[in-house]
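Student: Can we go through this structure together, step by step? I'd like to put some questions to you while I look at it.

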Amino acid sequence: RELYLDKEDTIQELKNYGIVAVVVGSGMSEIFKDLGTDEVIEGGQTMNPSTEDIIKSIEKINAENIIILPNNGNIILAANQAKSLSNKNILVAQTKTMPQGIAALMAIDQDKNPEENENKMQRAIEDVKTGLITYAVRDSNFDGVDIEEGNILGMVEGKISAVGENAFEIIDSIMDSMVDDDSSLITIYYGEEVDQEDAEAVANHLEEKFSDCDIEVHYGGQPLYYYIISVE
């Protein structure tokens with residue numbers, strides 16, 4: 001097996017797969033690391049990493065295959081550019097949200113070939129619905145709906161689906177459209193501006209409402225979004 005010295009002069013064996021993920025939020029970073037991500041790049045809506053940032057992370061990993069999890073539709077292009085510039089075998093997963101990235105990450109099998117893992121990741125991505133709870137930074141109009149600065153916004157798969165002043169009501173609204181008879185798991189990632197008690201209150205409410213689903217709560221620490229909620 002091929003060995004090489006990293007910057008800390010420790011010997012690293014050549015792995016089958018190495019993983020680079022673009023993540024925003026300290027809690028989210030820890031989750032991705034705990035699940036086996038080799039290099040986490042701080043990114044997100046307001047701080048998109050460059051192609052060069054992604055290449056630097058690729059070069060730090062001693063693996064035959066590198067999987068990039070962009071976790072944001074705006075970053076997929078930079079990830080594909082990094083792929084075209086690198087001489088390593090790169091797979092770019094089509095993850096547009098961090099919950100999709102987590103699902104793809106958990107689907108990776110170190111013993112499978114790249115094509116099989118690409119298919120496994122894509123199936124996992126398709127099984128995840130992502131809802132976001134955020135706030136309006138300015139007055140605007142979206143699809144004929146008047147939005148006032150400070151309104152709570154509920155988004156499903158990147159599109160605004162509910163607007164109001166009460167976060168609980170907005171969560172209720174988007175969850176009604178996300179949960180169906182096939183749903184079995186709801187995961188709540190709460191942001192840096194949300195107290196754990198408030199997040200647990202949301203979880204208890206959803207547990208009562210969707211009793212057939214398992215509910216998980218994790219600290220995501222993400223800015224901008226009070227909650228990122230995934231349904232699988």
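Tutor: Sure, and let's begin with a term: a crossover is right-handed if, with the strands pointing away from the viewer, the path from the first strand over the helix to the second runs clockwise. Helices (H or I, at least four residues) and strands (E, at least two) are DSSP runs, numbered from the N terminus. This is a predicted model, in which local features need pLDDT of at least 70 and side-chain atom pairs count only at pLDDT 80 or more, while totals for chains, interfaces and linings use all residues. Residues are numbered from 1 along each chain as its sequence is written, and side-chain values use heavy atoms, with hydrogens and water left out.

Student: Which handedness does the β-α-β unit of β5, α3 and β6 have?

Tutor: Look for β5, then helix α3 at residues 76-85, then β6. The two strands pair in the parallel sense over 4 bridges; strands count as paired if DSSP finds at least two bridges between them. The β-α-β unit they make with α3 is right-handed.

Student: Which strands stand at the edges of the sheet with β4, β3, β5 and β6?

Tutor: This open sheet has 4 strands in the order β4-β3-β5-β6, with parallel pairing. Its neighbouring strands are turned by 20 degrees against each other on average, direction ignored (axes are lines fitted to C-alpha atoms, for helices over the stretch in contact, and angles run from 0 to 180 degrees between N-to-C directions). An edge strand has a single partner, so one side of it is left without a neighbour in the sheet, and that is the case for β4 (39-42) and β6 (89-92).

Student: Is I66 buried or exposed?

Tutor: I66 sits in strand β5, residues 63-69. Beyond its neighbours within four places in sequence, I66 is in contact (heavy atoms within 4.5 Å) with G18, V20, I58, I61, K88, N89, I90 and L91. Buried means under 20% relative accessible area, exposed over 50%, and partly exposed in between (1.4 Å probe, protein chains only). I66 has a relative accessible area of 0%, so the word is buried.

Student: What is the phi of N71 near?

Tutor: N71 belongs to the loop between β5 and α3. With a relative accessible area of 6%, N71 is buried. Its phi is positive although N71 is a residue other than glycine, and the value is near 60 degrees.

Student: Where is E157, and what is its relative accessibility?

Tutor: β10 and strand β11 (residues 159-164) pair in the antiparallel sense over 5 bridges, and V156 has K159 in β11 as its bridge partner. Their hairpin has 2 residues between the strands, and there E157 takes a positive phi near 50 degrees. E157 is in the loop between β10 and β11. It counts as partly exposed, because its relative accessibility is 40%.

Student: Which helix gives the most to the largest nonpolar core?

Tutor: A nonpolar core is a set of buried Ala, Val, Leu, Ile, Met, Phe, Trp, Tyr and Cys residues joined through side-chain atoms within 4.5 Å. The largest one has 24 residues, of which I171, M175, I186, I188, L206 and Y227 touch the most other members. At least two residues each come from β10 (152-156), α6 (167-178), β12 (185-190), α7 (196-209) and β14. With 5 residues, the top contributor is α6.

Student: How many residues are in the other core, the one with I67 and A104?

Tutor: That core lies apart from the largest one. Its members include I67, A104, I125 and Y189. The number of residues is 23.

Student: Why does the pair of Y135 and Y226 count as tilted?

Tutor: Rings of Phe, Tyr and Trp (its six-membered ring) pair if their centres lie within 6.5 Å; planes under 30 degrees apart count as stacked, over 60 as edge-to-face and the rest as tilted. The structure holds 2 aromatic pairs. In the one formed by Y135 and Y226, the centres are 5.5 Å apart, and the pair is tilted because the planes stand at 40 degrees.

Student: How many residues apart in sequence are the parts that this pair ties together?

Tutor: Y135 is partly exposed at 25% relative accessible area, and Y226 is partly exposed at 22%. Y135 lies in strand β7 (residues 129-135), while Y226 lies in the loop between β13 (214-219) and β14 (227-231). So the pair ties together parts whose separation in sequence is 91 residues.
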